[in-house]
Structures are given as structure tokens and as C-alpha cells.
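Dear colleague,

I am passing on the structure we spoke about, and my notes on it follow directly below. Please read them with the model open beside you.

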Amino acid sequence: DNIVAVVMQAFESAAAKLQQSISLVVVFYSSPAASKLSSVIADRLTKAAPGAVIWGCSSQSLMGVGQEIAQPCAASVLILAGLSQPPIAFRVEFQPTGDGPSIFGLPDALIDDPGMGSAMLLAADPFSFPMDLLFKRVAD
């Protein structure tokens, strides 16, 4: 179980033919040792793609190259390169307040400049996070 090597092999395979600088690396990985090695994986990806936003998490089930990866140690990587603007990583939180439910953590740039939010990659638990409230907040 060498999840670090598996992640780096998936990254190198995905990055092999890219000719533009990498802007974003999204990695999903599964391994019994995943939680212990997350910081090592993040460090290796940061060195392999300097200046890129690195986002990832462990998972129980993965898809990659058009198929489910049913191995105990696996990784799936998505790379975005050549973006006209660098991605902004942020974390939003839902909190009930005296004025009703609220979303906190949206970057001011996303709210102040509508062109800034022309695309958003979002990972959320659909059962506990109110997506409709987030969409309404971004649309306002």
C-alpha cells in the first residue's frame, strides 16, 4: 500500500502531455493509510506543480479513465492547465443565524466581480449543505 506512489503516478500520467502551466490539481485517493499520508501527498503535489492550487481528499470509491477503480490503493487526478485567471480556493460554511440560515466564507472577489465566478468547482455533502442557499447567495 504505497498511496503516495500511486497518486504521483496518476498525476504524472495526467500531466504528461500538458504544455501549459498547471493551475489546479484535484486528487481523490483511497487507501487504508490515506489519512496518515495526506500531508505527504499534498507536499509532493505542491512540488510537482508549483504555483497550482492543490485540492484533494480520500474516498471509498473512485472513478478514473472511464471506469471504477476497485483496488484498495487507488487514485484519480484531474488537472486544469492554462487558465486565464488563477483559481481561488475557499471554504464555505452554513450557519443558522438570528436572521435565518447564512453562508459564510465566499471570497469578496467572487461577490464583487461577477466575471470572477464564471466557474466554480464545489464539493459538498448534499444531505447537510443547503446548495440552494449557496446558489442564491452567489446569484445575488
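**Helix α2 and the cores**

In helix α2, Ala34, Ile41 and Leu45 are buried (under 20% relative accessible area with a 1.4 Å probe and protein chains only, where over 50% is exposed and the range in between partly exposed). This is a predicted model, in which local features need pLDDT of at least 70 and side-chain atom pairs pLDDT 80 or more, while totals for chains, interfaces and linings use all residues. Residues are numbered from 1 along each chain as its sequence is written, and side-chain values use heavy atoms, without hydrogens and water.

The buried residues of α2 pack against α1 (3-15), β1 (22-30) and β2 (53-58), helices (H or I, at least four residues) and strands (E, at least two) being DSSP runs numbered from the N terminus. Leu45 touches Val7, Met8, Phe11, Val25, Val27 and Ile54, leaving aside residues up to four places away in sequence; contact means heavy atoms within 4.5 Å.

The largest nonpolar core (buried Ala, Val, Leu, Ile, Met, Phe, Trp, Tyr and Cys residues joined through side-chain atoms within 4.5 Å) has 20 residues, of which Val7, Phe11, Ile22, Val25, Tyr29 and Leu45 touch the most other members. Two or more residues each come from α1, β1, α2 and β5 (74-81), and α1 gives the most to this core, with 7 residues. Apart from it lies another core, of 6 residues, among them Val92, Ile103, Phe129 and Leu134.

With kind regards
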